Amino acid sequence: MTSLGRTQTVFPIEKPKPLKCGTFGASSLQQRYLATGDFGGNLDVWNLEAAAMPVYSVKGHKEIINCIDGVGGIGIGDGAPEIVTGSRDGTVKVWDTRQKDTPVANMEPVEGENKRDCWTVAFGHAYNQQERVVCAGYDNGDIKLFDLRNMSLKWETNIKNGVCSLEFDRKDIIMNKLVATSLEGKFHVFDMRTQHPTKGFASVTEKAIKSTIWQVRHLPQNRDVFMTTGGAGSLHLWKYEYPAQRSRKDADGVDMGVAGTVSLLQNVTLSTQPISSIDWSPDKKGLCVSTSFDQTVRVLIVTKLNKL
């Protein structure tokens, strides 16, 4: 991994409420509207060419919006351009900016159930106009998969530590793999192709580091390669290997998934502070950008990815 030259501020924009999360995922590449969630529970969509006022704004949650994801824009995922937000108030909401003030879906704790702090959300399964899922991870280790077509809970599990980041390897295909990262340095790769009625999805668990794994991002040009960011200021590059057969019959003749294996390709330490986020360039293979708690933005390039 190589660090590139210096970055330069083009135009600073200050807002009254601190921003916690953002995504371009629900807008087109030409439009490039940025959707943000802030500490006041507000969801705003900004035209960065004229950022004095948001083009869409809603008081989305009662507490801080921790996480956000978009789908249907930038050529990723069929169906309506939608934004999903997760909050400390325990709710996960899906928004269509063509519908003002009201979410198109609201996943909240049932009456009597304790609300859990939602730390991460991810769209997936958006391979046609009808199908779409949202996966949400919570502070107690819960992972919940919501089927938006049927408005139902499709699957849930618990990984025993707070879920920091979730990402499907691709949003715009039939569910294939899901990676979940956690507080205690572990991540889990779930094979999402075969769901067993009682055992759920097969998974492999890897103990990567001794500190929090803040985020995971898959390489756009190769869905089996992904990067994780660490609490010790490190980046780790991984590759998933499929098993010889991805499913088998259990004792009752019911299909169940078979997990593959994960191998470490490369790692590097960039900072003494946690690397909080990373994202890949969709068209420049190996180009990525990261942020860290030392308030530094780093642009990096990962070489030799064409050999994988």
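This is a dialogue on reading a few features of a predicted model.

Biologist: Which strands make up the open sheet of four strands, and in what order?

Modeller: Read across the sheet from one strand to its neighbour. Here the order is β6-β7-β8-β9, and the pairing is antiparallel.

Biologist: Why is one side of β6 and of β9 left without a neighbour in the sheet?

Modeller: β6 (65-71) and β9 (105-107) stand at the edges and have a single partner strand each, so one side of each lacks a neighbour in the sheet. From one strand to the next, the twist averages 15 degrees.

Biologist: How many bridges join β7 to β8?

Modeller: Four bridges join β7, residues 82-87, to β8, residues 92-95, and the two strands run antiparallel. To find this pairing in the model, start at glycine 86, whose bridge partner in β8 is valine 92.

Biologist: Now to pockets. What does a probe show about empty space?

Modeller: Rolling a probe the size of a water molecule over the atoms shows where space is left empty. In this model, the second largest pocket holds about 290 Å³ of space. It is lined by 18 residues, and those closest to its centre are Met107, Glu108, Pro109, Lys144 and Phe146.

Biologist: Which elements give two or more residues to that lining?

Modeller: They are β9, β12 (142-147) and β13 (152-158). β12 gives the most to the lining, with four residues.

Biologist: How many residues of each class are in the lining of the second largest pocket?

Modeller: Eight are nonpolar, four are polar and six are charged.

Biologist: Next, burial. Is aspartate 191 buried or exposed?

Modeller: Compare the relative accessible area with the cut-off: under 20% is buried. Aspartate 191 has 1% relative accessibility, so it counts as buried. This aspartate belongs to strand β16, residues 186-191.

Biologist: What does the side chain of aspartate 191 reach?

Modeller: It reaches the backbone nitrogen of arginine 193, at 3.1 Å.

Biologist: How many residues of strand β14 are buried?

Modeller: For a strand, count the buried residues along its length. In β14, residues 163-168, six of the six are buried, so the strand is largely enclosed by the rest of the structure.

Biologist: Which strand do five bridges join to β14?

Modeller: Five bridges join β14 to β15, residues 177-182, and the two run antiparallel. One place to look is phenylalanine 168, whose bridge partner in β15 is leucine 178.

Biologist: Where is tyrosine 127 found?

Modeller: Tyrosine 127 is in the loop between β10 (118-124) and β11 (133-138). Its relative accessible area is 31%, so it is partly exposed.

Biologist: How many residues apart in sequence are tyrosine 127 and leucine 264?

Modeller: They are 137 residues apart in sequence, and 30 Å apart in space from C-alpha to C-alpha.

Biologist: Last, backbone angles. What is the phi of arginine 32?

Modeller: Look at the sign of phi along with the residue type. Arginine 32 has a positive phi, about 55 degrees, although it is not a glycine. It sits in the loop between β2 (19-23) and β3 (33-38). With a relative accessible area of 51%, arginine 32 is exposed.

Biologist: And what is the phi of glutamine 295?

Modeller: Glutamine 295 is not a glycine, yet its phi is positive, at about 60 degrees. Its place is the loop between β25 (287-292) and β26 (297-301). At 77% relative accessibility, glutamine 295 counts as exposed.

Notes: Residues numbered from 1 in each chain as written. Predicted model: local features only at pLDDT ≥ 70, side-chain atom pairs only at ≥ 80, totals over all residues. Heavy atoms only, no water. Pairing = 2+ DSSP bridges. Axes fitted to C-alpha atoms, helices over the stretch in contact; angles between N-to-C directions. 1 Å grid on protein atoms, 1.4 Å probe; cavity = no way out; pocket = protein on both sides within 12 Å on 5 of 7 lines; lining within 4 Å. Points joined across faces, edges and corners; volume = space filled by probe spheres on them. Nonpolar A, V, L, I, M, F, W, Y, C, P; charged D, E, K, R; others polar. Buried < 20%, exposed > 50% of the residue type's maximum accessible area, 1.4 Å probe, protein only. Polar contact = N/O pair within 3.5 Å; in protein donor to acceptor, adjacent residues only side chain to side chain.
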